[in-house]
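Work through the exercises below with the model open in a viewer. Each task is followed by a solution in steps.

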Amino acid sequence: MTFSAGLSQDSFVSTSRRNNFFTQEIEEIPNTTKAVHKINLPLSHHHQNHRQMQPTQPSFQQNRRKTLEYNNNNATKTFDNDLTSTITVKNNERHVLVTGGAGYIGSHTVVELLKDGYNVIVVDNLTNACEESLVRIQKLSNRPLKFYHANILDEKILTEIFEKYNIWGVLHFAALKAVGESTKIPLEYYWNNVTGSLNLFRIMEKFDVYNIVFSSSATVYGDPDMIPVNEKSSLGPVINPYGKTKLFIEETLRDMCNADNKWNAVILRYFNPTGAHPSGIIGENPRGVPNNLMPYVSQVVQGRLPFVNIYGDDYDTFDGTGVRDYIHVCDLATGHVAALRKLKTKPGCVAYNLGTGVGYSVFQIIKAMSRACGKDIPYKIQQRRPGDVGIVTADASLANIELDWYPKYNLDQMCQDLWRWTSINPMGYPESIIEKKNKLQEKTS
Ligand SMILES: O=c1ccn([C@@H]2O[C@H](COP(=O)(O)OP(=O)(O)O[C@H]3O[C@H](CO)[C@@H](O)[C@H](O)[C@H]3O)[C@@H](O)[C@H]2O)c(=O)[nH]1
């Protein structure tokens with residue numbers, strides 16, 4: 001039987017809103033020695049009369065791979081627009097490298113990094129991310145970034161990047177991330193996530209770059225012995241290969257920091273990221289049928305899926321459905337900026353939970369999404385999903401105290417922002433030339 005959760009309409013974002021604000025032009029520049037793309041960024045109406053954003057040719061010699069370098073010669077030192085307050089760009093020639101910066105959490109973090117004045121280089125192989133997010137990030141933050149379409153397993157390209165730029169630290173997001181998929185193709189997960197990370201760490205060490213922020217997950221706690229879970233809780237056992245890769249990389253970083261005090265690592269354990277940038281311009285772009293609850297619910301609202309499967313209503317929770325600690329992706333993003341600040345104090349290896357400390361059940365999530373979109377949401381109660389636990393919430397007081405980081409967004413805001421992003425971008429990001437080519441190559445190989 002299918003039920004439906006409908007609540008009074010608190011706020012409604014019209015699905016008729018469409019994002020025609022961004023019109024990306026990508027043009028192949030015929031050049032015998034370089035395969036480059038030119039990106040023309042659209043202008044904010046605030047700036048159209050004052051300045052022109054002109055793409056420039058990449059200044060580096062790279063002729064064997066697809067590399068994009070976004071540039072904006074006329075970037076101003078201060079700016080304001082309707083999305084950000086006035087921001088002073090610091091004069092800091094040092095860069096941070098963001099692996100996986102085109103993905104969901106990475107892209108929102110890059111916006112915050114650019115706002116905070118960092119010079120950002122993104123490395124992303126675009127397997128689970130879209131190049132379009134990078135175009136939009138620059139629009140949002142009104143600052144350029146540099147992008148390498150590359151895999152972290154590629155020692156040669158990483159070496160070139162470290163040779164070329166004065167890199168101060170690395171934010172390491174790049175990873176395969178689907179729990180279910182990891183049980184089917186474990187070798188891919190160990191190869192990409194573990195070997196890729198080891199490759200990155202070795203190259204960092206070679207170039208005397210010892211500052212890293214690592215994207216970990218609450219999954220490292222396994223089935224936690226106490227709720228809310230704090231950083232002193234025991235780690236593992238973790239049953240799926242995805243979670244094992246996170247735990248192994250954490251352990252590697254701890255060993256590296258213990259062995260050599262030049263290394264500093266801030267490990268961030270995310271709870272359940274959701275929402276999207278409040279502008280509705282960047283957000284999560286799941287490929288295929290989403291595994292996670294929030295994007296799944298959102299596709300049900302869109303009519304792309306018929307109903308929400310509620311995996312179990314017999315847990316020992318107040319309404320029987322699973323309870324999780326959902327956190328707005330923009331709060332996670334500011335957590336990374338706080339982590340970089342922490343790295344400047346040379347803390348050794350430290351781990352922090354990033355969550356709100358508040359748990360919501362599956363029923364509460366469906367109701368909150370219903371309020372955000374003003375529609376009834378059909379659902380069906382199903383068997384428990386294998387591997388799920390009843391309740392996981394964070395004790396994030398360590399991050400509050402030591403990082404001076406506090407989440408700002410509540411559940412209704414998370415749902416409203418998610419729904420705004422979904423309404424404006426019903427099918428996610430448009431595919432770039434690179435992604436189309438990748439797909440074609442996958443089909444023909
Ligand atoms: O279609 C769905 C999907 C999920 N759920 C339930 O919703 C809750 C949240 O599930 P989901 O969104 O899949 O998140 P988690 O299973 O909590 O896993 C997330 O959070 C973990 C950290 O806690 C990360 O390690 C994972 O990568 C990330 O997917 C759970 O109670 C699920 O049983 C449903 O009822 N129906």
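**Exercise 1: a loop before a strand**

N142 sits in the loop between α2 and β9; helices (H or I, at least four residues) and strands (E, at least two) are DSSP runs, numbered from the N terminus. The model is predicted: local features need pLDDT of at least 70, side-chain atom pairs count only at pLDDT 80 or more, and totals for chains, interfaces and linings use all residues. Residues are numbered from 1 along each chain as its sequence is written, and side-chain values use heavy atoms, with hydrogens and water left out.

Task: State what is notable about phi of N142, and decide whether N142 is buried or exposed.

Solution.
Step 1. Phi of N142 is near 60 degrees, which is positive although the residue is not glycine.
Step 2. The classes are buried (under 20% relative accessible area), exposed (over 50%) and partly exposed in between, with a 1.4 Å probe and protein chains only.
Step 3. N142 counts as buried because its relative accessibility is 5%.
Step 4. For a second case, take D404, in the loop between α10 (397–402) and α11 (411–424). Its phi is near 55 degrees, again a positive value in a residue other than glycine.
Step 5. D404 has a relative accessible area of 55%, so it is exposed.

**Exercise 2: the nonpolar cores**

Task: Find which residues have the most contacts inside the largest nonpolar core, and place L145 in the chain.

Solution.
Step 1. A nonpolar core is a set of buried Ala, Val, Leu, Ile, Met, Phe, Trp, Tyr and Cys residues joined through side-chain atoms within 4.5 Å.
Step 2. The largest such core has 73 residues, and L113, V120, L145, L268, V308 and L340 have the most contacts inside it.
Step 3. Helix α9 (residues 362–373) gives the most to this core, namely 8 residues.
Step 4. A second, separate core has 28 residues, among them V170, C257, W263 and I267.
Step 5. L145 belongs to the loop between α2 (131–141) and β9 (146–149). Its relative accessible area is 1%, so L145 is buried.
Step 6. Contact means heavy atoms within 4.5 Å. Leaving out residues up to four places away in sequence, L113 touches V96, V98, Y118, V120, L171, V337 and L340.

**Exercise 3: two helices**

Task: List the buried residues of α3 and the elements they pack against; then describe the surroundings of T109.

Solution.
Step 1. Within α3 (residues 155–164), the buried residues are I157, L158, T159, E160, I161 and F162.
Step 2. These buried residues pack against β7 (95–99), β8 (119–124), β9, β10 (167–172) and α5 (186–206).
Step 3. At the start of α3, a side-chain oxygen of D154 comes within 3.2 Å of the backbone nitrogen of K156.
Step 4. T109 is part of helix α1 (residues 104–115), and it is buried because its relative accessibility is 0%.
Step 5. Not counting residues up to four places away in sequence, T109 touches L171, F173, A333 and H336.

**Exercise 4: a small sheet**

Task: Give the strand order of the open sheet of 3 strands, and say which strands are at its edges.

Solution.
Step 1. Two strands pair if DSSP finds at least two bridges between them.
Step 2. The order is β18-β15-β20, with mixed pairing.
Step 3. β18 (360–361) and β20 (391–392) are the edge strands, each pairing on one side only.
Step 4. β15 (residues 323–324) pairs with β20 in the parallel sense over 2 bridges. V323 is opposite I391 in β20.

**Exercise 5: the ligand**

Task: Name the residues that come nearest to the ligand, and find which atom of N309 is 2.6 Å from a ligand nitrogen.

Solution.
Step 1. A residue is near a molecule if one of its heavy atoms lies within 4 Å of it.
Step 2. There are 17 residues around the ligand, of which S217, N292, N309, R324 and D388 come nearest.
Step 3. The atom of N309 is a polar backbone atom, 2.6 Å from a nitrogen atom of the ligand.
Step 4. Oxygen atoms of the ligand lie 2.8 Å from a polar side-chain atom of R385 and 2.5 Å from a polar side-chain atom of D388.

**Exercise 6: cis peptide bonds**

Task: State which residue is joined to P228 by a cis peptide bond, and where P228 lies.

Solution.
Step 1. The residue is I227, and omega of the bond is about -5 degrees.
Step 2. P228 is in the loop between β11 (211–217) and α6 (241–259).
Step 3. P237 is also placed in the loop between β11 and α6; the bond from G236 to P237 is cis, with omega near -5 degrees.

Technical notes. Polar contact = N/O pair within 3.5 Å; in protein donor to acceptor, adjacent residues only side chain to side chain.
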